[in-house]
Number of protein chains: 2
Amino acid sequence: MTTTIEDVAQAAGVSTATVSRALRGLPNVAPSTRDHVRQVAEALNYAIDSHASRLASGRSTTIGIVMPLADQWFYNRVSTSAEAVLSAGGYDVLRYSIAAPEEQTEALRRLISGKRVDGVLIINLALANADVSLMAEGTLPVVTIETDTGKFPAIGCNNVAAAQTATRHLINLGHRQIGLISGLPDDPMHFAIPLEREQGYRQALAEHGIEVRPELNVPGNFSFAGGAEAMAQLLSIHHPPTGVFALSDEMAIGALKTIRDVGLRVPEDISVIGFDDHDVAAYVGLTTIRQPVAGYGEQAARLLLARLSGEKAAGESRIELPTQLIVRDTTGPCREKGE
Amino acid sequence: MTTTIEDVAQAAGVSTATVSRALRGLPNVAPSTRDHVRQVAEALNYAIDSHASRLASGRSTTIGIVMPLADQWFYNRVSTSAEAVLSAGGYDVLRYSIAAPEEQTEALRRLISGKRVDGVLIINLALANADVSLMAEGTLPVVTIETDTGKFPAIGCNNVAAAQTATRHLINLGHRQIGLISGLPDDPMHFAIPLEREQGYRQALAEHGIEVRPELNVPGNFSFAGGAEAMAQLLSIHHPPTGVFALSDEMAIGALKTIRDVGLRVPEDISVIGFDDHDVAAYVGLTTIRQPVAGYGEQAARLLLARLSGEKAAGESRIELPTQLIVRDTTGPCREKGE
DNA sequence: TTGTACGCGTTATCAG
DNA sequence: CTGATAACGCGTACAA
């Protein structure tokens, strides 16, 4: 059978209470006793039963990460960097990947009401009011990334401003017909990011008196393939754009391929700017908006750890990390004659 | 406070036993009773305490995924695809990312002996004998991906043969000086994959009577940056290679940048082939060896699910999924005059 | 410094 | 079909 704390206690000739104290490094244990218990536990290959421990203590030293089920670079990078600091902080991580909106509330309930975890990290999810209040009524620390609730600390960037910067870059290069490769038209997950960035795009256009042409806004689903298809669509319309802003680097790279496949050159014929500064961006020379993706995960995890170690919540707060325009080789001056 | 099964029982006017049965869909509950209990539970916002449940039942409906802490595309893709099927199968996933070898045994102990999970999925880890026997002595189902133990089912590909195919492709194009961009020279994690692929490379060379030049084998650390640096090193040696085999697409793409940065053309001056068929590979025209990465995760998860639902273990088995040479634009005939 | 004994919230067994 | 109750393994007052 499995060895319990009782077994260790007997083998070591002490009580279970002493074993518990010794193994967890609590005070009030004679050094010699502690050493002895440790050796016996080691010899018996004893490991604390985390579930029993949680039941008795109320703490599970586990935190839940809830995020969309997608294998985009962004999610992986955020999650991985968060995991690294949580793990270093002594916490295990339970990962909930949400594939459809219906799962979301269910997963949160299991996590929150089920007392599975000591804290929750939410990455880029559109939380229903019910979800938010469910989490708000408890005492469980919650930190969010690119997810605005008005209740929990939120890490992210200023997507509107960043998108504005991207669009302005194109405008400053002389482009006036600017395509936008975005998310999904009727996105079931209701992601906020595409909306915010679209707004930044429109603001930049507006401040330069450029008319918004709806047919220049096409969905790309945040994937390489989606970006490629979107670009094909952009190329097929009457007055195709001379500059394109893709809301993610993946989509931008997809678009680049389509452009080159039809024999057009970048940036001579068409300029392309992405968003993220994906690991690969530098290697394909993609101009983009860099956002500190790993920073999101690390900061959020640290914030959670701080809360967990008793630090007072500073109320709802929004931490915006800086973004930066990285000019590489896919954007250049507009060569099209004005009309 | 938090609502317990007791609260629900009282509110519903039944015993806790009945609540438990009703909520879990067990037989021997009157339909009317079940409905009533469900409504009361819903109204009270009750959720089963998973830790208490596990303690009483012995099952946690959680599976652990243990993998290296790295944000390479491969790991994310494998893990995500596994998570998707595990989640659909009703299991939660606890993700352990191992940053250093020392953590590995510790993490496994916590997982196995700590009875945290009902099953374990191991991705690309070099398991010490102690680790293996620790897991083998229990009854916990274990499935591995790209990890050979001789004890547990292993999903993966034939890395030797696949690497041989890649190298032969270069040889068939007339290349004789073939560089290899590999892992780390004294990799602390002792990954087996680079070794296997290096062997395939050497075999292909041998079967064509091509001499192995040690200086043609440079480390690339499986990253874009590492690949770029490795390529710079390859370019700096006396007789630089005319063809390069990078053990991952990330490294291959890094190498491509270095080549183009120094004014050389691909594939006219140098051919490059990668490994993985990374999402981005098609978009940069990279010739590569495709391996069914998502398939690894899905198959492993399904295998685990089958074991969990009582299916007999078929003993140690090794499932090799097919790889495929995908020729794109980065490999071409060797133009160098023979010497 | 160490030991005793109870409680944590469920599940499972066994009566009824 | 339903209810009482004994585990499950550990943490923690409290007592010694």
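Which polar side-chain atom lies 3.1 Å from a phosphate oxygen of DNA strand D? The atom belongs to Arg24(A). This report describes a predicted model, in which local features need pLDDT of at least 70 and side-chain atom pairs count only at pLDDT 80 or more, while totals for chains, interfaces and linings use all residues. Residues are numbered from 1 along each chain as its sequence is written, chains are lettered from A and ligands numbered from 1 in the order in which they are written, and side-chain values use heavy atoms, with hydrogens and water left out.

**DNA strand D**

There are 23 residues around DNA strand D, and those that come nearest are Ile5(A), Tyr46(A), Thr18(B), Ala30(B) and Thr33(B); a residue is near a strand if one of its heavy atoms lies within 4 Å of it. Of the atoms of DNA strand D that come within 4 Å of the protein, 71% are from sugar and phosphate. At least two residues of this surface are supplied by each of H2 and H4 of chain A and H2 and H4 of chain B, where helices (H or I, at least four residues) and strands (E, at least two) are DSSP runs numbered from the N terminus. The largest share, 4 residues, comes from H4(A). By residue class, the surface near DNA strand D has 11 nonpolar, 9 polar and 3 charged residues; Ala, Val, Leu, Ile, Met, Phe, Trp, Tyr, Cys and Pro count as nonpolar, Asp, Glu, Lys and Arg as charged, and the others, Gly among them, as polar.

**DNA strand C**

DNA strand C is surrounded by 26 residues, of which Thr18(A), Thr33(A), Ile5(B), Ser20(B) and Tyr46(B) come nearest. Sugar or phosphate accounts for 67% of the strand C atoms within 4 Å of the protein, and bases for the rest. The residues of this surface comprise 13 nonpolar, 10 polar and 3 charged.

The table lists polar contacts (pairs of N or O atoms within 3.5 Å) to phosphate oxygens of both strands.

| Residue and atom type | Strand and distance |
|---|---|
| Ser15(A), backbone | DNA strand C, 2.9 Å |
| Ser20(B), side chain | DNA strand C, 2.6 Å |
| Asp49(B), backbone | DNA strand C, 3.5 Å |
| Ile5(A), backbone | DNA strand D, 2.5 Å |
| Ser15(B), backbone | DNA strand D, 3.0 Å |

**Salt bridges**

Over all chains, the structure holds 32 salt bridges, each defined as a side-chain nitrogen of Lys or Arg within 4 Å of a carboxyl oxygen of Asp or Glu. One of them joins Arg77(B) to Asp71(A), with the closest N and O atoms 3.1 Å apart. This pair crosses between chains, from helix H5 (residues 73-88) of chain B to the loop between strand S1 (62-68) and helix H5 (73-88) of chain A.

Within chain B, Arg168(B) and Glu207(B) form a salt bridge whose closest N and O atoms are 2.4 Å apart. Arg168(B) lies in helix H8 (residues 159-172) and Glu207(B) in helix H9 (residues 193-207), so the pair ties together parts that are 39 residues apart in sequence. A network of salt bridges links Glu83(A), Arg95(A), Glu83(B) and Arg95(B).

**Nonpolar core**

The largest nonpolar core has 175 residues, and Phe245(A), Val120(B) and Phe245(B) have the most contacts inside it. Such a core is a set of buried Ala, Val, Leu, Ile, Met, Phe, Trp, Tyr and Cys residues joined through side-chain atoms within 4.5 Å; buried means under 20% relative accessible area, exposed over 50%, and partly exposed in between (1.4 Å probe, protein chains only). Leaving aside neighbours within four places in sequence, Phe245(A) is in contact (heavy atoms within 4.5 Å) with residues including Ala163(A), Leu170(A), Ile181(A), Tyr201(A) and Phe275(A).

Key
Polar contact = N/O pair within 3.5 Å; in protein donor to acceptor, adjacent residues only side chain to side chain.
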